[in-house]
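Q: I am new to this structure and would like a close look at a single part of it. Please keep the answer plain.

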Amino acid sequence: MIFPNDFLNKIICGDGVEIMKQLPDGSVDLAVTSPPYNLKNSTGNGMKDGRGGKWANAALQNGYTHHEDTMPHDEYVAWQRANLTEMMRLISDDGAIFYNHKWRVQDGLLQDRQDIVNGFPVRQIIIWRRKGGINFNAGYFLPTYEVIYLIAKKKFKLASKANALGDVWEFTQEMNNPHPAPFPVELIERIIGSTKAHVILDPFMGSGTTAIAARNLGRSYIGIDISPDYCKMAEKRLGGEVLKRVKNQSKIQSHQMELIPQ
Ligand SMILES: C[S@@+](CC[C@H](N)C(=O)[O-])C[C@H]1O[C@@H](n2cnc3c(N)ncnc32)[C@H](O)[C@@H]1O
């Protein structure tokens with residue numbers, strides 16, 4: 001595959017790290033992404049049952065189509081660091097990564113994802129406050145926020161006046177999207193619109209939300225997802241081309257439940 005023609009404004013179906021390795025250094029301005037959270041791992045920072053929730057519609061109970069989300073914690077951290085390393089190589093000298101994740105307390109220990117982001121130039125943390133959700137556990141307040149790490153190269157600057165937006169953003173989670181964990185389009189429009197980026201990469205593109213937001217703002221995108229089903233979903237939303245890189249991949253049925261603090 002040759003850059004830019006085979007990548008720009010395409011959804012590429014395949015493994016994020018493998019596909020990113022085919023792109024030249026500095027070929028994108030911005031990466032915006034939300035990886036799987038490894039929610040079904042029960043040894044490091046997993047969740048135990050299906051109550052309380054990240055996604056109010058409980059869609060994640062059925063899991064992702066081609067990712068089980070049950071890696072041993074150390075393996076998961078190494079995988080996420082490999083993704084961030086590639087994203088860092090791909091963003092230009094004035095580029096940045098917006099990396100969405102979730103903090104959690106388990107057995108009194110704060111899982112703040114430091115093991116994933118350690119050594120990367122984290123400049124700021126943005127709180128994404130979602131609305132609603134369901135929590136049947138009387139021992140905990142309803143969890144309503146996620147974090148977005150702004151990981152930026154030295155020359156990265158926000159677009160004019162974007163700094164006035166502050167660092168706590170409120171956006172209702174997406175309800176009308178068959179993907180189990182979609183971004184709200186408005187959240188990604190906020191991120192992209194806060195930058196001067198021309199080419200935006202999402203290596204965990206899911207249903208194509210980052211691409212939709214980029215296109216809405218007149219920017220270009222490169223989207224990658226391992227699941228042919230989600231690539232098709234993105235294709236349908238975008239009305240564009242999907243390059244099928246995954247062949248004969250077996251369908252893994254995950255039974256991911258909603259998150260509850262432990
Ligand atoms: C939290 S979801 C992203 C949802 C997306 N932000 C949206 O708005 O639809 C994480 C995605 O990572 C994908 N994924 C899992 N393993 C992957 C891999 N090795 N390479 C690329 N994508 C992968 C899953 O299929 C899932 O769609």
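Between which two elements does the loop that holds N38 lie, and what can be said of the backbone there?

A: The model is a predicted one. N38 sits in the loop that runs between β2 (28-33) and α2 (73-90). Its backbone has a phi near 60°, which is a positive value in a residue that is not glycine. For context, most residues other than glycine have a negative phi. As for its surroundings, N38 has 22 other C-beta atoms within 10 Å. The cut-off for a buried residue is 20 or more such atoms, so N38 counts as buried.

The loop between β2 and α2 also holds D69. D69, again not a glycine, has a positive phi of about 65°. With 21 other C-beta atoms within 10 Å, D69 is buried. The loop between β2 and α2 therefore includes N38, which is buried, and D69, which is buried too.

Another backbone feature is found outside this loop, in the segment before β1 (10-13), where P4 is located. The peptide bond that joins F3 to P4 is cis, with omega at about 5°. In general, most peptide bonds are trans.

The model also has a ligand, and 22 residues surround it. The closest of them are G16, F204, G206, S207 and T209. Sorted by class, this shell consists of 11 nonpolar, 9 polar and 2 charged residues.

How values were computed:
Residues numbered from 1 in each chain as written. Predicted model: local features only at pLDDT ≥ 70, side-chain atom pairs only at ≥ 80, totals over all residues. Helix = DSSP H or I, 4+ residues; strand = E, 2+ residues; numbered from the N terminus. Buried ≥ 20, exposed ≤ 12 C-beta atoms within 10 Å, placed from the backbone. Near = placed C-beta within 6 Å. Nonpolar A, V, L, I, M, F, W, Y, C, P; charged D, E, K, R; others polar.
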